[in-house]
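Okay, everybody, thanks for coming. Let me put the sequence and the structure up on the screen, and then I'll talk you through them.

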Amino acid sequence: MKAIKYLSVLFFLTSILISCKPQNQQKHSLDPVTKEYFDVKNGSKYYFSEIGDTNVVSEYTVSSYNNSQSNPDIENSEILSYDLTATGQPKITLRAESGGTQYRDRIAMITNRNDSNFVGPIIFNLGGAFSTIATSSDSVFTYPTYKINGKTFTDVVRVKLFYANFYREVFFAKNIGLIARIESNGKMYYAKKTVIIK
């Protein structure tokens, strides 16, 4: 009789523990437009040149690519990130996180120079409409084509930062990613050539 009571209590406690296990939340995926602009795989190359001296070229390589779901029991958001690295140049990290069906994707560009991180720009995407944080006074413009130093890019998103802690402006293009940046010192670097792995 004691054994039956013991087994009943054990079964009851086990069922409670199983029911307390966190349930996975609905999966939130990045908007397809976000991926068209920011999904760039390891091994992709960007050859950035300064407008004032196009003979000097920095070869950036994409590394540390990651695309996964985060916290399936809490948010279950899709996160995409990768680094752009070049010898003697600051490391640039691009990170996109899904916001679910009622929120916007968040895309951040983080630049690491001398062990200090500079965050910005941060932009949002909802169904192909890009925007910035309302309180930041940053601006977003989109262009079907945009010419930089004689090179034409298509489907361009231009972000103009109100407070230029590292960049004044940053440019992204569909199926390429980062195509240009104007640093706070006024120097502009653009992707003279790209080899993109999707």
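I'll go from the overall layout to the sheet, then the core, and finish with a couple of single residues.

Quick housekeeping: this is a predicted model, where local features need pLDDT of at least 70, side-chain atom pairs count only at pLDDT 80 or more, and totals for chains, interfaces and linings use all residues. Residues are numbered from 1 along each chain as its sequence is written, and side-chain values use heavy atoms, with hydrogens and water left out.

So, the layout. The chain has two helices and twelve strands; those are DSSP runs, H or I of at least four residues for helices and E of at least two for strands, numbered from the N terminus. Going along the sequence, you get the pattern α-α-β-β-β-β-β-β-β-β-β-β-β-β. Of the 198 residues, 37% count as buried, and buried here means under 20% relative accessible area, exposed means over 50%, and partly exposed is in between, with a 1.4 Å probe and protein chains only. The chain exposes about 11,200 Å², with carbon and sulfur atoms supplying 53% of that; areas are by the Shrake-Rupley method with a 1.4 Å probe, and for residues only the protein chains shown count as cover.

Now the sheet. It's an open one with twelve strands, paired antiparallel, in the order E7-E6-E5-E4-E3-E2-E1-E12-E11-E10-E9-E8. Pairing means DSSP finds at least two bridges between two strands. Which strands sit at the edges? Those are E7, 129–132, and E8, 139–148, and each pairs on one side only.

Start at the E7 end. E7 is joined to E6, residues 116–126, by four bridges, running antiparallel, and Ile123 has Thr132 in E7 as its bridge partner. The hairpin of E6 and E7 has two residues between the strands, and Gly127 there takes a positive phi near 60°. In a regular strand, side chains alternate between the two faces of the sheet. For E7, the covered face has Phe130 and Thr132, while the uncovered one has Ala129 and Ser131.

Over at the other edge, E8 pairs with E9, residues 151–160, in the antiparallel sense over nine bridges. One pair to look for there: Tyr146 has Phe153 in E9 as its bridge partner.

Okay, the core. The largest nonpolar core has 41 residues, and Phe172 and Ile179 have the most contacts inside it. By nonpolar core I mean a set of buried Ala, Val, Leu, Ile, Met, Phe, Trp, Tyr and Cys residues joined through side-chain atoms within 4.5 Å. Strand E10, residues 167–173, gives the most to this core, with five residues. Leaving aside neighbours within four places in sequence, Phe172 is in contact with residues including Tyr37, Leu94, Met109, Ile123 and Ile179; contact means heavy atoms within 4.5 Å.

Last, two residues. Thr111 is in E5, residues 105–113. Is Thr111 buried or exposed? Thr111 is buried, at a relative accessible area of 0%. Its side chain makes a polar contact of 2.8 Å with the side chain of Tyr167. A polar contact is a pair of N or O atoms within 3.5 Å; within protein, one must be able to donate a hydrogen and the other to accept it, and residues adjacent in sequence count only if both atoms are side-chain atoms.

Tyr163, in the loop between E9 and E10, counts as exposed, at 64% relative accessibility. The C-alpha atoms of Tyr163 and Gly120 are separated by 9.6 Å, with the two residues 43 apart along the chain.
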